[in-house]
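Here are my notes from a walk through this one, in the order I'd click through it. Have the viewer open as you read.

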Amino acid sequence: MNLKEFKELLNGEAKEVSLEEDVILESDEIGRGIEIMRDGLLIDGNNHIIDGKNKLPIFYIEASDVTLKNIIFKNGFSQDYSGAITNYSNGLRIEHCQFMDNSTENASDLYGGAIYNGENSNLTVERSIFKENDSDFGGAIFIDSNSRVKINNSVFELNISEFDGGAIYNKGELIIDKSIFNQNMAFKGGAIFNEKSLTIKDSRFKNNSASDGNDIQTENEDISISNSLCEFINNDNY
């Protein structure tokens with residue numbers, strides 16, 4: 001399915017959209033990403049790929065109560081926004097998705113190789129995988145001020161930030177439960193760089209690396225880690 005066909009599918013009247021084939025984005029006219037403005041939209045990828053071909057970002061979301069599930073986001077790329085998803089939604093849910101090789105690149109600072117969660121936005125991530133994404137800040141996810149992100153039962157592996165937050169950079173409220181962070185890398189905060197509120201439960205951090213804070217580097221005392229449920233393996237500090 002090409003970009004034009006995909007847009008027509010999304011702009012139809014149906015509140016639930018189901019993919020029956022992969023989507024290849026090859027147009028140069030996508031701008032900040034395919035805009036999703038319809039409240040309550042559900043997109044079920046049926047484990048198909050949406051491929052940005054290392055040229056284009058994938059979604060720009062402002063609508064409320066959008067659900068994305070069973071989608072493989074691959075090779076999303078941006079010089080202005082996030083590689084895969086830029087979210088300004090009041091309630092975006094991501095379920096059973098994979099984010100592979102999404103990135104940002106520019107001479108100026110960019111945020112969130114896979115997802116940028118904008119100010120005053122809410123995001124919930126369930127049972128998803130983030131692998132080999134990269135950006136200047138937040139290799140996989142960047143969480144901006146006054147926003148809230150919940151992550152459950154998800155895996156972050158081999159994500160890279162050139163500066164801070166190999167997997168996640170947090171400036172808002174971040175709650176993580178039952179998730180795995182493995183082999184992520186950054187200058188500060190190999191897995192997570194935290195500026196604001198961070199809660200972690202029942203999660204595992206393994207072989208992450210950074211100059212400061214192999215697992216977690218925090219600049220705020222509003223941080224809660226259930227140590228009896230978390231494992232910090234082969235790291236010097238957090």
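Contact, in what follows, means heavy atoms within 4.5 Å. Keep in mind as well that this is a predicted model.

1. Let's begin with Asn 152, in strand 17, which covers residues 148–152. Which residues does Asn 152 touch once its neighbours within four places in sequence are left aside? The list reads Val 125, Glu 126, Arg 127, Asp 177, Lys 178 and Ser 179. As for burial, the cut-off is under 20% relative accessible area. Asn 152 comes out at 16%, so it counts as buried.

2. Two of those contacts, Asp 177 and Lys 178, also pair with each other: they form a salt bridge, with the closest N and O atoms 3.3 Å apart. Are the two partners buried or partly exposed? Lys 178 is partly exposed at 41% relative accessibility, while Asp 177 is buried at 16%.

3. Another contact of Asn 152 is Glu 126, and Glu 126 has a salt bridge to follow up. Its side chain meets that of Arg 93, at 3.9 Å from N to O. Why is this pair worth a click? Arg 93 sits in strand 9 and Glu 126 in strand 13, so the bridge ties together parts 33 residues apart in sequence. Arg 93 is itself partly exposed, with a relative accessible area of 31%.

4. On salt bridges in general, the structure holds six. One of them joins the side chains of Arg 32 and Glu 35, at 3.0 Å from N to O. Both ends are partly exposed: Arg 32 has 24% relative accessibility and Glu 35 has 40%.

5. Now the strands around Arg 93. Strand 9 (residues 92–95) pairs with strand 6 (residues 66–74) in the parallel sense, over four bridges. If you want a register check, look for Leu 68 opposite Ile 94. Strand 9 is also joined to strand 13 (residues 122–126), again parallel and with four bridges. There, Leu 92 has Leu 123 as its bridge partner.

6. Next, the nonpolar interior. How many residues are in the largest nonpolar core? It has 51, and those with the most contacts inside it are Phe 59, Leu 68, Phe 73, Ile 85 and Ile 168. Strand 6 gives the most to this core, with four residues. Apart from it lies another core of five residues, including Tyr 116, Phe 137, Phe 142 and Phe 193.

7. Leu 68 deserves a closer look. Setting aside neighbours within four places in sequence, its contacts include Ile 43, Phe 59, Ile 61, Phe 73 and Ile 85. Also among them are Leu 92, Arg 93, Ile 94, Glu 95 and Cys 97.

8. Asn 87, found in strand 8 (residues 85–87), is a polar residue to check by eye. Is Asn 87 buried or exposed? It is buried, with a relative accessible area of 0%. Not counting residues up to four places away in sequence, Asn 87 touches Ile 61, Leu 92, Tyr 116, Asn 117, Gly 118, Ser 121, Asn 122 and Leu 123.

9. Over to helix 1 (residues 3–10), where Leu 3, Phe 6 and Leu 10 are buried. They cover an arc of only 65° around the axis, which puts them on the same side of the helix. The face turned away from that buried side carries the exposed residues Lys 4 and Glu 8. What do the buried residues of helix 1 pack against? The partners are strand 1 (16–18), strand 2 (23–24), strand 3 (34–36), strand 4 (42–51) and strand 5 (59–61). At the N-terminal end, Asn 2 acts as a cap, with a side-chain oxygen 3.2 Å from the backbone nitrogen of Lys 4.

10. Last stop: Glu 162, in strand 19 (residues 160–164). Glu 162 is exposed, with a relative accessible area of 55%. Leaving aside neighbours within four places in sequence, Glu 162 is in contact with Ser 135, Asp 136 and Phe 187. If you'd like a distance to verify, the C-alpha atoms of Glu 162 and Asn 194 are separated by 16 Å, the two residues being 32 apart along the chain.

Note on methods: Residues numbered from 1 in each chain as written. Predicted model: local features only at pLDDT ≥ 70, side-chain atom pairs only at ≥ 80, totals over all residues. Heavy atoms only, no water. Helix = DSSP H or I, 4+ residues; strand = E, 2+ residues; numbered from the N terminus. Buried < 20%, exposed > 50% of the residue type's maximum accessible area, 1.4 Å probe, protein only. Pairing = 2+ DSSP bridges. Salt bridge = Lys/Arg side-chain N within 4 Å of Asp/Glu carboxyl O. Core = buried A, V, L, I, M, F, W, Y, C linked by side-chain atoms within 4.5 Å. Arc of directions from axis to C-beta. Polar contact = N/O pair within 3.5 Å; in protein donor to acceptor, adjacent residues only side chain to side chain.
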